[in-house]
Amino acid sequence: DGACTASATVDIVTSVIEAGISGDISLYPNPNNGEFQLNLENVDNGTYTIAVRNMLGQNVYQNVINVTGSYNSNIKLDDMNNGMYFMEITNSNEEKSVIRFIVK
């Protein structure tokens, strides 16, 4: 039987796992070392709460920002353990987007 099989593993690490906010939200690089860029483009103007939680659901970072049109910021989280984290971005209408990212 001359069958040949090949397999590949593809990791998609920049994943918006819940996208309740309309517009473009990105976090890069991903994976990162605890320092990364957060971009919000074409989102509604207003107040947004940014929270980062670890796998245990513990809050390791929180910030409230005001957005007019777009938002671009470098975020540095100190003393981050390697692992998976979830960034939750919530607007004043209680719409929420969640981005999974990896610190290594």
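A residue is called exposed when its relative accessible area is over 50%, buried when that figure is under 20%, and partly exposed in between. With that in hand, Lys-76 and Asp-78 are easy to place: both are exposed. Their side chains also meet in a salt bridge, with N and O 3.8 Å apart. Everything described here comes from a predicted model.

That pair is part of a short list, as the count of salt bridges comes to two. Side chains of opposite charge can pair when their charged atoms come close. Arg-53 and Glu-88 do just that, with their closest N and O atoms 2.8 Å apart. Arg-53 sits in strand E4 and Glu-88 in strand E7, so this salt bridge ties together parts that lie 35 residues apart in sequence. The surroundings of the two partners can be described as well. Glu-88 has a relative accessible area of 18%, and because buried means under 20%, Glu-88 counts as buried. Arg-53, at 24%, is partly exposed.

Next comes the sheet. Strands of a sheet pair through backbone hydrogen bonds, and they can do so in a parallel or an antiparallel way. Here, three strands make up an open sheet, running in the order E2-E3-E6, and the pairing is antiparallel. Strand E2 (24-28) and strand E6 (70-76) are the edge strands, each of them pairing on one side only. From one strand to the next, the twist averages 10 degrees. Strand E3, which covers residues 35-41, pairs with E6 in the antiparallel sense over seven bridges. Looking across that pairing, Leu-40 is found opposite Tyr-71 of E6.

Which residues does Gln-37 touch, once its neighbours within four places in sequence are left aside? Gln-37 belongs to strand E3, and its contacts are Ser-26, Leu-27, Tyr-28, Asn-72, Ser-73 and Asn-74. With one of these, Asn-72, the side chain of Gln-37 makes a polar contact of 2.3 Å. Is Gln-37 buried or exposed? Its relative accessibility is 17%, so Gln-37 counts as buried.

The loops hold some backbone surprises. Most peptide bonds are trans, and most residues other than glycine have a negative phi. The loop between E2 and E3 goes its own way at Pro-29 and again at Pro-31. Tyr-28 and Pro-29 are joined by a cis peptide bond, with omega at about -5 degrees. Asn-30 and Pro-31 are also linked by a cis peptide bond, this time with an omega of about 5 degrees.

Phi has its exceptions too. Asn-42 is not a glycine, yet its phi is positive, at about 55 degrees. Asn-42 lies in the loop that runs between E3 and strand E4 (46-53). Its relative accessibility is 59%, so Asn-42 counts as exposed. Glu-94 is another non-glycine residue with a positive phi, in this case about 65 degrees. The place to look for Glu-94 is the loop between strand E7 (83-91) and strand E8 (96-103). Glu-94 likewise counts as exposed, because its relative accessibility is 64%.

Technical notes. Residues numbered from 1 in each chain as written. Predicted model: local features only at pLDDT ≥ 70, side-chain atom pairs only at ≥ 80, totals over all residues. Heavy atoms only, no water. Pairing = 2+ DSSP bridges. Helix = DSSP H or I, 4+ residues; strand = E, 2+ residues; numbered from the N terminus. Axes fitted to C-alpha atoms, helices over the stretch in contact; angles between N-to-C directions. Buried < 20%, exposed > 50% of the residue type's maximum accessible area, 1.4 Å probe, protein only. Salt bridge = Lys/Arg side-chain N within 4 Å of Asp/Glu carboxyl O. Polar contact = N/O pair within 3.5 Å; in protein donor to acceptor, adjacent residues only side chain to side chain. Contact = heavy atoms within 4.5 Å.
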